[in-house]
Amino acid sequence: MNDTDPTPSASFSAEDTACMRRALQLATHARDAENEVPVGAVLVLDGTIVGLGWNRNITLHDPSAHAEIMALRAAGEKLANHRLTGATLYVTLEPCAMCAMALIHARIGRVVYAATDPKTGAAGSVFDTLVDPRHNHRVEVQGGLLAEESAAMLREFFRARR
């Protein structure tokens, strides 16, 4: 797993860093409380956290229960809307293709991720799903925020499982 995005984005704000730190806390919870792959997600709209998620696919026996999907579900329920136009998702691992398409359908405005996923990443490392110009919605993508912390947690998790 790469520790940083190969093409780091522009600088991140203090709010970006705080939200990613919260996502890392959720990833820790996934690992420690549910023995899940440590990925966490925080969804913010107009400066307010509207959805939190962490990987729960093993716990819930649900292949779609990735951190991003859980955060989208929580926000949709909270806001009583399937559209989350302009929201920012902070996630500790680059989204996969499934999550990327859900983010596009929800009209997320921005995705900030920590570590790249060289096997299934859909924000530029393997696939360019989030930024494909054929979609009717555009998502701004920035990668590499607190990448080393996230990558280290993931490496340690998988190393311990082998």
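Here is a short walk through a predicted model, from its sheet to a helix and a pair of rings.

Let's start with the sheet. Five strands make up an open sheet with mixed pairing, and their order across it is 2-1-3-4-5. Strand 2 (48-54) and strand 5 (140-143) take the edge positions; each has a single partner strand, so one side of each is left without a neighbour in the sheet. On average, neighbouring strands here are turned by 15 degrees against each other, if direction is ignored.

If you would like to see one pairing up close, look at strand 1 (residues 40-45), which runs antiparallel to strand 2 and pairs with that strand over six bridges. A handy place to find the register is leucine 43, whose bridge partner in strand 2 is glycine 51.

Now turn to what packs on the sheet. Helix 5 (residues 147-161) does so, touching strand 3 (88-93) and strand 4 (110-115). The direction of helix 5 makes about 60 degrees with that of strand 4.

Finally, the aromatic rings. The model has one aromatic pair, formed by phenylalanine 157 and phenylalanine 158. Their ring centres are 5.2 Å apart. Planes over 60 degrees apart count as edge-to-face, and these two stand at 80 degrees, so the pair is edge-to-face. How do the two partners stand with respect to burial, buried or partly exposed? Phenylalanine 157 has a relative accessible area of 6%, so this residue is buried. Phenylalanine 158, at 32% relative accessibility, counts as partly exposed.

How values were computed
Residues numbered from 1 in each chain as written. Predicted model: local features only at pLDDT ≥ 70, side-chain atom pairs only at ≥ 80, totals over all residues. Heavy atoms only, no water. Pairing = 2+ DSSP bridges. Helix = DSSP H or I, 4+ residues; strand = E, 2+ residues; numbered from the N terminus. Axes fitted to C-alpha atoms, helices over the stretch in contact; angles between N-to-C directions. Contact = heavy atoms within 4.5 Å. Phe/Tyr/Trp six-rings, centres within 6.5 Å; stacked < 30°, edge-to-face > 60°. Buried < 20%, exposed > 50% of the residue type's maximum accessible area, 1.4 Å probe, protein only.
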